[in-house]
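Visitor: Could you walk me through this model and explain the terms as we go?
Guide: Gladly; here it is.

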Amino acid sequence: MEKFNVLHSTAVPLPIENIDTDQIIPARFLKATSREGFGENLFRDWRYDSSGQPNKKFVLNDSRFQGQVLVAGKNFGCGSSREHAAWALFDAGFKVVISSYFADIFRGNALNNGLLPLQVEDSVLERLLKQIEEDPGTEFIIDLPAEQLYVPAWEQRIPFEIDSYKKECLLNGYDDIDYLVSQKEAIEAFEKNRVWVY
Amino acid sequence: MKKKTLFDKVWDAHVVRSLPGGQDVFYIDKHLIHEVTSPQAFEELENRGLSLFRRNQIVATADHNVPTRNQHLPIQEPLSRSQVDRLTENCEKHGVSLYGLGHPYQGIVHVIGPELGITQPGMTMVCGDSHTSTHGAFGAIAFGIGTSQVAQVMASQCLLLSRPKRMRITVEGDLRPGVTAKDLILFIIASLGTGGATGYFVEYAGSAIRSLSMEGRMTVCNMSIEMGARGGMIAPDETTFSYLKDRPFAPQGEQWEKAVAYWETLYSDEDAQFEVEYHFNAASVTPMITYGTNPGMGISLNASVPQKVKASEQASFEKSLQYMGFAPGESLLGKPVDYVFIGSCTNSRIEDLRLVANYVQGKKKASHVEAIVVPGSKQVEEQAKAEGLDKILAEAGFELREPGCSACLAMNEDKIPAGAYCVSTSNRNFEGRQGPGSRTLLASPLVAAVSAVEGKITDISQYLS
């Protein structure tokens with residue numbers, strides 16, 4: 001997993017609530033058997049029309065908006081458990097998604113892939129979206145060690161929360177699997193001492 | 001002793017160790033896998049030089065990509081075929097039981113687990129699929145995971161998890177005639193919203209829940225994820241035990257007695273604390289239908305699309321209605337229907353098929369409607385044929401297909417064309433879910449059957465008895 005520390009970037013606004021993982025990556029693109037290449041189909045049905053031409057109204061086709069940060073409406077990533085959604089966002093160059101609420105499975109999938117789901121208050125989200133619309137060049141500094149989102153244009157630091165273990169994983173680029181495998185003896189002992197065994 | 005919820009009793013029995021940061025090394029009893037979310041996990045395992053930790057606790061099936069016609073022939077679509085072939089290769093290589101195409105146990109992962117007795121009370125179960133919450137109907141902790149977690153469970157039979165918060169939804173009273181478990185869960189989701197239970201594990205309780213069949217309970221738990229819940233569960237009782245008795249993988253003989261004795265301890269203690277509680281009256285639930293592009297956008301069949309919503313939701317609301325071709329304040333009654341899909345892990349079980357067949361017997365579907373019925377498993381298909389439901393359906397112009405996820409998410413050939421309206425018994429009405437540009441209206445199997453016969457959205461109160 002790629003390490004995450006401090007990111008300086010402009011951002012892309014997507015002010016829609018309840019964006020489900022079927023929109024992030026539609027089911028028909030889940031047929032690959034590797035993790036690569038999902039970025040080109042990120043938001044496929046919003047990004048392209050039915051003839052495959054880019055939809056000029058969609059923000060990813062609007063050259064004013066660039067960056068490694070996606071700022072999206074409340075309850076981002078609801079629906080399917082497909083980790084392909086996190087892979088597609090990461091593959092398309094996003095390192096952070098800011099929203100005022102994330103669906104549980106998406107949050108976990110993002111964190112397991114070096115993509116930071118950064119949750120802010122509804123009011124902050126509204127201000128961020130307005131700021132980007134007004135000045136697409138607005139810089140954001142996401143400081144994971146300090147757990148702060150810094151908006152230089154506002155001269156304001158906005159704290160965010162992240163599980164301390166997940167923070168360590170992101171900072172160091174490691175994931176749960178190594179730790180779980182290291183627990184083999186404890187797991188075997190648990191299996192032997194169970195009250196009811198299935 | 002501290003009062004415990006059902007959820008806590010099952011959770012506590014599966015904690016290998018608790019870490020100082022609040023996470024638990026959490027043991028998984030059964031791991032269900034399918035072709036879509038497992039290939040990258042097998043690859044991850046191999047890249048790290050790891051083998052399966054407990055291959056006997058994994059059950060595999062092919063469901064998302066499989067065709068619903070001519071399953072005896074090779075899969076036509078190359079990418080689907082390749083994904084199913086990869087699953088077969090991985091299962092052979094790693095010694096995992098696979099109920100693939102051609103096997104009498106093949107079917108949707110959340111249908112075969114319960115019908116084979118693999119799903120049991122007090123278990124922990126995971127699958128790389130959000131509707132794993134279905135299995136909670138048995139009093140199991142069951143939830144969907146991402147592919148990285150699939151690899152973790154393969155490598156260690158465990159996950160690192162923080163304990164979710166607990167919510168209880170109590171429904172008292174009797175459901176009215178013609179009102180099904182599907183209507184009940186659509187009603188609850190419409191009340192709480194798609195993010196209304198995010199961060200929570202839900203226990204469903206109350207007399208209305210207790211009086212549901214196992215299949216009805218599965219429908220309710222299945223859609224817990226649609227309000228953001230990690231999972232849903234229902235305390236096991238006699239209904240649960242009699243459903244499980246003598247199923248192929250259920251405990252037998254003396255083991256059965258011991259199992260039931262343990263399962264009978266699985267309920268929330270009186271005065272156990274939930275972080276959030278909701279109460280609903282079953283009598284206030286009516287047949288439901290969705291008008292928008294998430295499962296929370298549901299209304300009573302006879303009601304109108306809302307006039308307006310909260311300011312923050314306005315943009316999404318308008319986008320949704322534009323996609324669906326509906327207007328604020330409009331009634332859906334009389335809207336023409338192009339397709340009817342009866343199937344998916346929500347409503348593809350034998351009771352659903354019986355309900356549909358019972359209604360359509362002696363009737364004909366409207367000529368402009370394409371109506372397909374996709375059983376959840378080979379066993380459901382066989383049983384439907386044994387009961388003669390296939391003939392009743394055929395005479396009414398409904399086509400009984402072969403099992404799989406089918407038009408629920410359109411990974412196979414069963415797609416709804418752009419702009420067409422489909423009344424579907426599945427669980428998601430997201431934009432493009434049933435095919436690019438498709439428009440989905442979620443409803444119960446009964447509402448779906450009536451829609452097919454009438455050719456339009458119809459007030460079903462005249463059919464209720």
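Guide: What follows is a short conversation about terms and values. This is a predicted model, in which local features need pLDDT of at least 70, side-chain atom pairs count only at pLDDT 80 or more, and totals for chains, interfaces and linings use all residues. Residues are numbered from 1 along each chain as its sequence is written, chains are lettered from A and ligands numbered from 1 in the order in which they are written, and side-chain values use heavy atoms, with hydrogens and water left out.

Visitor: What makes a residue of chain A count as buried, and what percentage does?
Guide: Buried means under 20% relative accessible area, with a 1.4 Å probe and protein chains only. By that cut-off, 58% of the 198 residues of chain A are buried.

Visitor: What makes a contact in chain A, and what share join residues at least 24 apart?
Guide: A contact means heavy atoms within 4.5 Å. Among chain A contacts between residues at least 6 apart in sequence, the share is 64%.

Visitor: Which side chains of chain A count as positive or negative, and how many are there?
Guide: Lys and Arg are counted as positive, Asp and Glu as negative, while His and the chain ends are not counted. On that basis chain A has 21 positive and 31 negative side chains.

Visitor: Why are S5 and S7 of chain B called edge strands?
Guide: Two strands pair if DSSP finds at least two bridges between them. The open, parallel sheet of chain B has the order S5-S4-S3-S6-S7. Strand S5 (97-99) and strand S7 (141-144) each pair on one side only, so they are the edge strands.

Visitor: How do you know that S6 and S7 of chain B pair?
Guide: Four bridges join S6 (residues 124-127) to S7 in chain B, and the definition asks for at least two, so they pair.

Key: Buried < 20%, exposed > 50% of the residue type's maximum accessible area, 1.4 Å probe, protein only. Charge placed at Lys NZ, Arg CZ, Asp CG, Glu CD. Helix = DSSP H or I, 4+ residues; strand = E, 2+ residues; numbered from the N terminus.
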